[in-house]
Amino acid sequence: MKRTADLPDRPPPVVGFTDRYLGGFVDEYHTHDRSQLSLFLGGTVTISTLGRSFILGPGQGMWIPANTLHQAICRTDLIFQVIYVDPKLPEAEDLPCKMFDASSLMRGLVDEIIAMRYEFSMDERMTSIAQLLVGEIRRAPPIADRLLFPSDPRLLRVCEAIAAQPGDCHDIDHWAREAGMARRTFTRLFQQEMGMGFAAWRRRVRVVEAASRIAAGQSISEVAFDLGYENASSFSTMFHRTFGVSPRMVRSGTLTPPL
């Protein structure tokens, strides 16, 4: 199996491989000197950049520009394809970080690149494949950010703690103390930074986490209990209100929640 460490000193402008990670693996914050396209074939993963967190599952892709600090947390066993793209490739310039549904054409182009040896030459055919792939990424409609985080370091500390433990049931007074603020100051600043209240943001964290767990096969009642809901009925109501689809439809694979 090809791995990043096996890349030659002077790889072609596009090069890639298929990889697997075990559930629970954390690829700590790091950067690449190339832009990175990841297509996910199985499992779920959370990819975080500074101020953003994305939850991706099978059939979805992620474009991360060169030198972007990012982290990956594998929620389940993960199978994925990675293509590294030279940022000097004209078609890839100024392409922003985004998550999207991978088209069948995109998957086929990625398969073609992965099938080549690392040392292949960029002849006319491979140049056309690279240009077409980046063009497909550029045209792919982005899926909205799954979570947003505040820039204020005190609020950020609170939000990161909640994202790490979405089922935590401490009240707003507890989190205001953790931030070193009076409750009124905390709520006002949170609304200013996030455009929503603290309670609404925490509910969103919980349902985003729930969508990932349900898609990975965890039972709806277990997810509801783990995330602090009194029963599956109230959880399902909140889930449907947020996503417009029921958790059962996500579990059956009928739909991906449109975050």
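In which strand does Tyr29 lie? Let's look at that residue first, and then at some salt bridges, in this predicted model.

**View 1. Tyr29 and a nonpolar patch on the surface.** Tyr29 is part of strand β2, which covers residues 26–30. Together with Leu50 and Leu69, Tyr29 forms a nonpolar surface patch with about 300 Å² of accessible area. Tyr29 has a relative accessibility of 38%, so this residue counts as partly exposed.

**View 2. A salt bridge within helix α2, between Glu136 and Arg139.** The closest N and O atoms of this pair are 2.9 Å apart. Both residues belong to helix α2 (residues 124–139), and because they are three residues apart there, about one helical turn separates them. Look at how the partners sit: Glu136 is buried, at 15% relative accessible area, whereas Arg139 is exposed, at 55%.

**View 3. Arg154 meets Asp152 in a salt bridge.** Here the N to O distance is 3.0 Å. Asp152 has a relative accessibility of 12% and therefore counts as buried, while Arg154, with a relative accessible area of 34%, is partly exposed.

**View 4. A salt bridge joins Asp173 and Arg183.** The closest N and O atoms lie 3.3 Å apart. This pair links distant parts of the chain, 10 residues apart: Asp173 is in helix α4 (residues 172–178) and Arg183 is in helix α5 (residues 183–194). Asp173 is partly exposed, with 30% relative accessible area, and Arg183 also counts as partly exposed, at 44% relative accessibility.

How many salt bridges does the model have by this rule? The count comes to four, including the pairs in these views.

Note on methods. Residues numbered from 1 in each chain as written. Predicted model: local features only at pLDDT ≥ 70, side-chain atom pairs only at ≥ 80, totals over all residues. Heavy atoms only, no water. Patch = residues over 30% accessible without salt bridge, like charges linked within 9 Å, V, L, I, M, F, W, Y side chains within 5 Å. Areas by Shrake-Rupley, 256 points an atom, 1.4 Å probe, with all protein chains shown as cover. Salt bridge = Lys/Arg side-chain N within 4 Å of Asp/Glu carboxyl O. Helix = DSSP H or I, 4+ residues; strand = E, 2+ residues; numbered from the N terminus. Buried < 20%, exposed > 50% of the residue type's maximum accessible area, 1.4 Å probe, protein only.
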